[in-house]
Amino acid sequence: MNVELEESFKKIQSHKGVVGVLIINKQGSVIKSTFDQEVSLNYSKVILDMFPKAHDLLKVNDSNDELSFFRVRSKDNDIMVTPDKDFFLMVSIINDILIIYQ
């Protein structure tokens with residue numbers, strides 16, 4: 001993992017309310033995670049399944065649009081995913097913290 005990515009990982013992880021951070025490559029292999037291995041692999045599978053569907057959903061309205069970020073909100077947490085050329089970055093955060101920042 002490059003230095004810039006490592007620094008970003010640490011910075012995100014240090015924010016109040018962050019439950020966990022996960023970085024996976026485009027094939028779903030875990031690059032770095034604060035979650036245990038089983039949870040990391042489960043998130044990886046879901047991200048690889050959801051991203052193409054979310055991307056296709058955007059294409060319905062505008063075939064030139066590209067997905068740059070998606071967020072799933074539950075009662076307790078938000079899960080935010082952003083793709084890069086080579087990897088996906090996922091952050092899970094407690095909902096109460098988001099209310100403070102909005």
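1. D78 is buried, because its relative accessibility is 0% and the cut-off for buried is under 20%. This holds for a predicted model. The D78 side chain meets that of R71 in a salt bridge, 2.8 Å from N to O. R71 counts as partly exposed, at 40% relative accessibility. So the pair joins a buried residue to a partly exposed one. R73 belongs here too: salt bridges with shared partners join R71, R73 and D78 into one network.

2. How many salt bridges does the structure hold? The count is five. Side chains of opposite charge can pair when their charged atoms come close. Two further pairs are worth a look in the model, one linking a strand to a helix, the other lying in a helix.

3. The pair that links distant parts of the chain is K32 with E6. Their closest N and O atoms are 3.4 Å apart. K32 sits in strand β2, E6 in helix α1, and 26 residues separate them. K32 is partly exposed, with a relative accessible area of 26%.

4. The pair in a helix is D49 with K53. Here the closest N and O atoms are 3.3 Å apart. Both residues lie in helix α2, four residues apart, about one turn of the helix. D49 is partly exposed at 42% relative accessibility. K53 is exposed, with a relative accessible area of 52%. The cut-off matters for K53: exposed means over 50%.

5. Now the sheet. Five strands make up an open sheet, and the pairing is antiparallel. The order is β2-β1-β5-β4-β3. Which strands lie at the edges? They are β2 (30–33) and β3 (70–73), each pairing on one side only. Neighbouring strands are turned by 15 degrees against each other on average, direction ignored.

6. Strand β1 (residues 18–25) is joined to β2 by three bridges, and the two run antiparallel. The register can be followed residue by residue. L22 has S33 as its bridge partner in β2. I23 stands opposite K32, the residue that also forms a salt bridge with E6. I24 stands opposite V30. The two strands form a hairpin with four residues between them. In the turn, G28 has a positive phi of about 95 degrees.

7. On its other pairing, β1 meets β5 in the antiparallel sense over seven bridges. L22 stands opposite M90 in β5. L22 thus appears in both registers, with S33 in β2 and M90 in β5.

8. Is β1 enclosed or open? Seven of its eight residues are buried, so β1 is largely enclosed by the rest of the structure.

9. Two helices contact the sheet strands. Helix α1 (residues 3–14) packs on the sheet and touches β1, β2 and β5 (87–94). The direction of α1 makes about 160 degrees with that of β1. Helix α2 (residues 37–61) lies across β1, β2, β3, β4 (77–83) and β5. The angle of α2 to β1 is about 70 degrees.

10. One surface feature remains to be noted. V46, M50 and V72 make a nonpolar surface patch of about 210 Å². V72 lies in strand β3, which is an edge strand of the sheet. At 36% relative accessibility, V72 is partly exposed.

Technical notes:
Residues numbered from 1 in each chain as written. Predicted model: local features only at pLDDT ≥ 70, side-chain atom pairs only at ≥ 80, totals over all residues. Heavy atoms only, no water. Pairing = 2+ DSSP bridges. Axes fitted to C-alpha atoms, helices over the stretch in contact; angles between N-to-C directions. Contact = heavy atoms within 4.5 Å. Buried < 20%, exposed > 50% of the residue type's maximum accessible area, 1.4 Å probe, protein only. Patch = residues over 30% accessible without salt bridge, like charges linked within 9 Å, V, L, I, M, F, W, Y side chains within 5 Å. Areas by Shrake-Rupley, 256 points an atom, 1.4 Å probe, with all protein chains shown as cover. Salt bridge = Lys/Arg side-chain N within 4 Å of Asp/Glu carboxyl O.
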